[in-house]
Amino acid sequence: MSRLILSRRTLIRAGAAGAGSLLLSGCDKLFENPTFRGTLESAEDLHQAAQRALGRDALAREFAASDMSPAFRANGSREVADPAYRRHFAQGFAEWSLRVDGLVDKPLTLPFTALKAFPQRTQITRHDCVEGWSAIGQWTGPRLGPILDLAGLRPQARYIVFHCADLYHGRPYYESIDLIDAFHPQTILAWGMNGKPLEEAHGAPLRLRVEKQLGYKHAKFVTRVEAVATLGGIHGGKGGYWEDNGAYAWYAGI
Ligand SMILES: Nc1nc2c(c(=O)[nH]1)N[C@H]1C(S)=C(S)[C@@H](COP(=O)(O)O)O[C@H]1N2
Ligand SMILES: [Mo]
């Protein structure tokens with residue numbers, strides 16, 4: 001029962017992050033219907049119900065191996081100068097770990113062995129850069145949702161922030177998404193690309209794939225995943241490197 005209550009809060013939170021109050025009141029009415037409530041058995045089901053209500057649950061198109069682009073361009077930062085990153089790179093990322101913290105009950109430090117112990121997903125998708133190029137590639141890694149579930153998001157958490165190891169033109173790159181995209185089945189933390197570990201230019205050792213949004217949302221060189229209630233206190237306050245610049249929108253749905 002407590003699980004259902006917690007999950008319902010999650011649903012409302014996800015709704016509040018993504019849509020207006022009209023949809024929310026629709027969700028509330030649905031939840032008063034015992035049959036509907038009875039069919040929802042897990043947090044996962046509730047997240048999916050939230051996504052359906054908001055029309056953002058559709059999967060991005062997946063392609064066949066034969067569709068993969070012969071060359072996949074690297075864009076933005078292609079290398080990282082940070083000394084800690086260089087040390088990890090030299091060690092083949094053997095001592096590297098991902099930090100998961102912020103508004104969670106259990107902050108996590110996840111080495112690769114832990115990241116690879118989660119169920120893995122492989123998907124062939126098209127990457128669309130706002131600058132006008134696209135490429136089809138294959139990505140492998142754990143889904144973000146189960147990692148956040150393990151950390152235990154607090155009820156106040158509404159956004160997930162991805163901190164990166166690189167400076168782009170002197171400023172830290174970072175990005176953020178809401179909980180609907182965070183729990184989308186195709187949102188993964190990819191360590192593999194086209195059947196090999198990520199190359200540095202493509203974001204080694206770990207990068208975000210958030211397939212329903214444009215390329216600049218796909219943070220490369222991710223070091224830390226932080227759950228927050230608002231984006232206001234982080235860097236320029238607009239939720240991402242390009243957003244702070246005033247160049248591109250925070251929500252870049254495609
Ligand atoms: N950390 C970091 N992530 C980043 C960028 C960056 O400069 N730094 N560039 C973004 C942009 S604009 C795009 S199109 C993609 C490019 O990914 P690719 O290099 O694998 O093609 O990464 C995104 N993620
Ligand atoms: Mo981009």
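# Briefing on a predicted model: strands, aromatic contacts and a pocket

Gly 192 has Pro 197 of β9 as its bridge partner. The model discussed here is predicted. Strand β8, residues 192–193, is joined to β9 by 2 bridges, and the two strands run antiparallel. The topics below are the open sheet, a hairpin, the aromatic contacts, the largest pocket and some points of backbone geometry.

**The open sheet**

- An open sheet is formed by 4 strands in the order β3-β4-β8-β9, with antiparallel pairing.
- Strands β3 and β9 (196–197) are at the edges, each pairing on one side only.
- Strands of a sheet pair through backbone hydrogen bonds, and the pairing may be parallel or antiparallel.
- Between β3 and β4, which run antiparallel, there are 9 bridges; within this pairing, Ile 124 has Gln 138 of β4 as its bridge partner.
- The hairpin formed by β3 and β4 has 5 residues between the strands, and Gly 132 in the turn shows a positive phi of about 105°.
- On β4, 8 of the 9 residues are buried, so the strand is largely enclosed by the rest of the structure.
- The antiparallel pairing of β4 with β8 extends over 2 bridges, and Trp 139 stands opposite Met 193 in β8.

**The β1–β2 hairpin**

- Strand β1 (residues 97–102) is connected to β2 by 4 bridges, and the two run antiparallel.
- The hairpin that joins β1 to β2 passes through 5 residues.
- Opposite Leu 98 stands Leu 110 in β2.
- Side chains alternate along β2 (residues 108–111): Leu 108 and Leu 110 point to one face and are buried, whereas Thr 109 and Pro 111 point to the other and are not.

**Aromatic and charge–ring contacts**

- The structure contains 14 aromatic pairs.
- In the pair of Phe 72 and Trp 133, the ring centres are 6.2 Å apart and the planes stand at 90°, so the arrangement is edge-to-face.
- Phe 72 belongs to the loop between α4 (43–54) and α5 (83–90), and Trp 133 to the loop between β3 (120–128) and β4 (134–142), so this pair ties together parts that are 61 residues apart in sequence.
- Phe 72 and Trp 133 are both buried.
- One aromatic cluster is formed by Tyr 168, Tyr 173, Tyr 216, Tyr 241, Trp 242 and Tyr 248.
- Two residues with charged side chains also sit over rings: Arg 86 lies over the face of Phe 89, 4.7 Å from the ring centre, and the charged end of Lys 116 sits over the ring of Trp 191, 4.1 Å from its centre.

**The largest pocket**

- The volume of the largest pocket is about 330 Å³.
- This pocket is lined by 24 residues, and those closest to its centre are Asn 75, Gly 76, Tyr 173, Gly 215 and Tyr 216.
- Tyr 173 and Tyr 216 are thus named both among the residues closest to the pocket centre and in the aromatic cluster.
- The lining comprises 12 nonpolar, 7 polar and 5 charged residues.

**Backbone geometry in the loops**

- The peptide bond between Ala 204 and Pro 205 is cis, with omega about 0°; Pro 205 is in the loop between β9 and β10 (207–209).
- Phe 93 is not a glycine, yet has a positive phi of about 60°. This residue is in the loop between α5 and β1.
- The relative accessible area of Phe 93 is 10%, which is under 20%, so Phe 93 counts as buried.
- His 169, likewise a residue other than glycine, has a positive phi near 45°. Its place is the loop between β5 (159–168) and β6 (171–178).
- His 169 has a relative accessible area of 67%, which is over 50%, so His 169 counts as exposed.

**A buried loop residue**

- Phe 183 occupies a position in the loop between α8 (179–182) and β7 (188–190).
- With a relative accessible area of 4%, Phe 183 is buried.
- The C-alpha atoms of Phe 183 and Asp 149 are 9.5 Å apart in space, while the residues are 34 apart in sequence.

Methods:
Residues are numbered from 1 along each chain as its sequence is written. Chains are lettered from A and ligands numbered from 1 in the order in which they are written. This is a predicted model: local features need pLDDT of at least 70, side-chain atom pairs count only at pLDDT 80 or more; totals for chains, interfaces and linings use all residues. Side-chain values use heavy atoms; hydrogens and water are left out. On a 1 Å grid over the protein atoms alone, a cavity is a set of points where a 1.4 Å probe fits but cannot get out, and a pocket is an open set with protein on both sides within 12 Å along at least five of seven lines; lining residues have an atom within 4 Å of a point. Grid points are joined across faces, edges and corners, and a volume is the space filled by probe spheres set on the points. Ala, Val, Leu, Ile, Met, Phe, Trp, Tyr, Cys and Pro count as nonpolar, Asp, Glu, Lys and Arg as charged, and the others, Gly among them, as polar. Rings of Phe, Tyr and Trp (its six-membered ring) pair if their centres lie within 6.5 Å; planes under 30 degrees apart count as stacked, over 60 as edge-to-face and the rest as tilted. Buried means under 20% relative accessible area, exposed over 50%, partly exposed in between (1.4 Å probe, protein chains only). A charge sits over a ring if NZ of Lys or CZ of Arg is within 6 Å of the ring centre and within 35 degrees of the ring normal. Two strands pair if DSSP finds at least two bridges between them.
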